[in-house]
Amino acid sequence: MIDFRYHLVSIVAVFLALTVGLVLGTTMLQDPLLNTLQSETADLRGQSEQLRAERDEAERVGAGADMFAEAASEDVLDRRLDDVGVVVVAAPGADGEVVAALADRVEEADGEVVGRVDLTPDLVDGDKATFIGELAVQVARDPDRLTGGAHHRAGTELGRALVRDTRSEDDEDEDEDDEGDEGEDEEADDRTAEAVLAAFAEGGLVELHGDPAEAADAVVVVAPAFGSEGDSEAAQTALTAFVAALREEVGPTVLAGDAVSGQPGGLIARARAQESAFTTVDLAGRPMGDVITVLALAASLEGAALAYGMGEGAVGFVPDPLPEPRHTEDEDSGGRESDGAGDTRSRDEARHAARAGE
């Protein structure tokens, strides 16, 4: 039978083993383990400080680039959009300050902001696709020409209502002399363009500012801010189709957003992945990016539809080479006064080239 002394010896042996283990752990193993932990902590601290320094340097470089853009924008943008009518389209959730800043840059480039179209959340609401498609058919001059989904159809009809009437002055003079049915048809067409915009506004799909009907040579679309109602996957799909249709009708079209929109999951990243035919810029929202957006729009007047910025798929930071200032007819003719028709034809040719992607 096991007596008390046996239990006592067992207990003493257990505590002795624990004591020996603690002594060995705090003497023989302590220094190597602590040295390893201290070394790894020092490495992580060094990497963190390096990343922080690189971030601060990048911010300083970005701030310097913005200062340079502000200082040089007048010369860089001078007459790049001379005699170009631009409609600014704000997607649902677009930052109002970005919209206003881009409009100011367009005017700094001697372009004219002929109007602004604010898209409402209803336009990108998937549950209202049937209503949107039916409205596009109702206001269409030629419903049989409409293709694609509801949002593509809506973009097509809005684009047709926005695109400038590029008839030459000679044609207009002939129309004034002709009091027949042709003149009445053209007047009806004019009313139709305004009626299309009014119908979309009355349907709660857009809000209009200015008089953009038949006044656009080019379009700038401002992407939604991150996390806004226009930044969902469904809204991005709708907006991509809508902007693609605008580009088909108007010609030079730029979709501009911030750096986040160019990252995976953003609207501009989605448009680039789909190889959309319109120009994209993922730097809008800061002076440097706004200037680049206008340069990209000027480049698109020559038919190029490319991606600019820092996100995946961008061909470069800025258009290369930079677009040249646009020359008016009187300068090209050695000081002779422009007859107006040449300017119209040049603008029309540029837009058709942009449509064709030449």
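**Close-up views of helix packing and buried residues**

**Figure 1. Helices α3 and α10 pack in a right-handed crossing.** In this predicted model, the axes of α3 (residues 96-108) and α10 (residues 287-300) approach within 9 Å and cross at roughly 50°. That angle makes α3 oblique to α10, because angles under 35 degrees count as roughly parallel and those of 65 to 115 as roughly perpendicular. On the α3 side, the contact is formed by A101, L102, R105 and V106, which meet P287, D290, V291, T293 and V294 of α10. By class, this contact comprises 6 nonpolar, 1 polar and 2 charged residues.

**Figure 2. Surroundings of V106 in helix α3.** V106 has a relative accessibility of 1% and therefore counts as buried. Neighbours within four places in sequence being left aside, V106 is in contact with L81, V86, G111, E112, V113 and V294. Of these residues, V294 belongs to the α10 side of the contact described in Figure 1. The C-alpha atoms of V106 and L297 are 9.2 Å apart in space, although 191 residues separate the two in sequence.

**Figure 3. Helices α4 and α5 form a left-handed crossing.** The axes of α4 (residues 129-139) and α5 (residues 150-162) come within 8 Å and cross at roughly 35°. From α4, the residues A129, I132, G133, A136, V137 and V139 take part in the contact, and from α5 the residues A150, H151, R153, A154 and E157. These residues divide into 7 nonpolar, 2 polar and 2 charged.

**Figure 4. Helices α5 and α8 form a right-handed crossing.** The axis of α5 comes within 7 Å of that of α8 (residues 233-250), and the two cross at roughly 35°. The α5 side of the contact consists of H151, H152, A154, G155, T156, L158, G159, R160 and L162, and the α8 side of A238, A241, F242, A245, L246, E248, E249 and V250. Their division by class is 9 nonpolar, 5 polar and 3 charged. H151 and A154 of α5 take part both in this contact and in the contact with α4.

**Figure 5. Polar contact of D217 in the loop between β3 and β4.** The loop that holds D217 connects β3 (206-210) with β4 (218-222). D217 counts as buried because its relative accessibility is 3%, and the cut-off for a buried residue is under 20%. The side chain of D217 makes a polar contact with the side chain of R164, at 2.8 Å.

**Figure 6. Surroundings of T253 in strand β5.** Strand β5 spans residues 253-256. With a relative accessibility of 2%, T253 counts as buried. A polar atom of the T253 side chain lies 3.0 Å from the backbone oxygen of G251. Residues up to four places away in sequence not being counted, T253 touches V219, V221, V243, L246, R247, F278, T279 and S300. Among them, L246 also takes part in the contact of α8 with α5 shown in Figure 4.

**Figure 7. Overall context of the close-up views.** The secondary structure of the protein comprises 12 helices and 7 strands. Of its 358 residues, 42% count as buried. Among contacts with a separation of 6 or more, 76% involve residues 24 or more positions apart.

Definitions and conventions. Residues numbered from 1 in each chain as written. Predicted model: local features only at pLDDT ≥ 70, side-chain atom pairs only at ≥ 80, totals over all residues. Heavy atoms only, no water. Axes fitted to C-alpha atoms, helices over the stretch in contact; angles between N-to-C directions. Parallel < 35°, antiparallel > 145°, perpendicular 65-115°, else oblique. Left-handed = near helix turned anticlockwise from the far one by under 90°. Contact = heavy atoms within 4.5 Å. Nonpolar A, V, L, I, M, F, W, Y, C, P; charged D, E, K, R; others polar. Buried < 20%, exposed > 50% of the residue type's maximum accessible area, 1.4 Å probe, protein only. Polar contact = N/O pair within 3.5 Å; in protein donor to acceptor, adjacent residues only side chain to side chain.
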